[in-house]
Amino acid sequence: MNKVRRVRGLDRPVHRTGIRPVMASAAVTALALTASGCVTVHGEREVVPSATKSEAAKALKDFLTAYNKAEKAYDPALDAARVTGPLSAINQAGLKVRGTQNPGGNPRHVPLELTDAKFSIPAKAGWPRWFVADTKSNRRGDLRWVLVFTKGSKDQLWEASYLNLVSPQKMPELKKDKDGWAEPVPVDTKSLAVAPKNLGREYTTYLKSGGDTFAPGDHTTLWKAARDKNTKRRGIAVQYIDEPQNDGTFAPVGLRTKDGGAMVFFSTHHYEKRTAAKGVNLTIDPEVKPLLKGEVKQSVMLERVSNQVVVDPAGTGKVSFLSRIQGLTGAQGE
């Protein structure tokens, strides 16, 4: 089963009872294609590839250069222009924490290498435009680094909005046309088990109430069980509030798979409030303190962003997770 992944420069996930760290840039509008595949945006109707292959390769290279500089210096400003959406929220907060703990940077930094890049570039009309890069890294065994790059206009830089680590054996085969271009999935399509725009809502509802929308696994049955158990800690009341994120660069994006389903990226927002009973002290981990606002007297609210990639089957069936990465992005003491 897939585990929630921890990536250098990103905060660590939370699957234990202790507090462990696991907000966004300029917004663009997510667009669904019409049945004809055409949408009018700024006067543009033509369906074209979102990027050339050379442009996609350069976007990946530019991201990697900035990511390594930021990771080495633990300085979020060094890659802020190359990340957006949920990846930016997680990455920037994680670098802030590490920079506070290590003002001199990372003396043991090993540059990230991304090779064997396979680009899935959808042909679509209008903006925003985006593509997926499936790459091999020099970290975490054979797990592939799968990134979504997006830009809101021709004058913007390509920015990485989603990052997940996926087993190559579980990567679905994507549908390509005769020229090798991928097929984007409309966010409101009725051809899938769950429309991409509804995945965040369905997931946050599942975490609260359960259900049969998602296949059993680390990020569904096991995570829900761990959270349910965590609410019963002695002396500390734990409350969860989960919200979908569908706006701007947090919007879901999906590509059609060969079997008619889709590989979909979507993001969610998670709050965890811990309130101590009288006479019980809350222990705050060092990773939380650089993001903490206010004074922890009786309670603390932890704020996390999660980005995930799933296989959404055609017609009916259960949505299955390929990967999920979450990170602590804020904390408020009361």
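These notes cover one sheet, the helix across it, and one loop residue in a predicted model.

1. **Sheet order.** Four strands make up an open sheet. The order is β2-β4-β5-β6, and the pairing is antiparallel. At the edges sit β2 (114–120) and β6 (159–166), each of which pairs on one side only. On average, neighbouring strands of this sheet are turned by 25° against each other, direction ignored.

2. **The β4/β5 pair.** Strand β4 covers residues 129–137, and strand β5 covers residues 144–151. They pair in the antiparallel sense over 8 bridges. For registry, take R129: its bridge partner in β5 is K151.

3. **Helix on the sheet.** Helix α1 spans residues 53–73. Helix α1 lies across β2, β4, β5 and β6. Against β2, the helix runs at about 135°.

4. **Where T257 sits.** T257 belongs to the loop between β8 (253–256) and β9 (262–276). Is this loop residue buried or exposed? T257 has a relative accessible area of 3%. The cut-off for buried is under 20%, so T257 counts as buried.

5. **What surrounds T257.** Leave out residues up to four places away in sequence, and T257 touches P172, E173, L174, K175, A262 and M263. A262 also takes part in a polar contact: its backbone nitrogen lies 3.5 Å from a polar atom of the T257 side chain.

6. **Points to check in the viewer.** For the sheet, follow the order β2-β4-β5-β6 and then place α1 across these strands. For the loop, start from T257 and look at the backbone nitrogen of A262.

Methods:
Residues numbered from 1 in each chain as written. Predicted model: local features only at pLDDT ≥ 70, side-chain atom pairs only at ≥ 80, totals over all residues. Heavy atoms only, no water. Pairing = 2+ DSSP bridges. Helix = DSSP H or I, 4+ residues; strand = E, 2+ residues; numbered from the N terminus. Axes fitted to C-alpha atoms, helices over the stretch in contact; angles between N-to-C directions. Contact = heavy atoms within 4.5 Å. Buried < 20%, exposed > 50% of the residue type's maximum accessible area, 1.4 Å probe, protein only. Polar contact = N/O pair within 3.5 Å; in protein donor to acceptor, adjacent residues only side chain to side chain.
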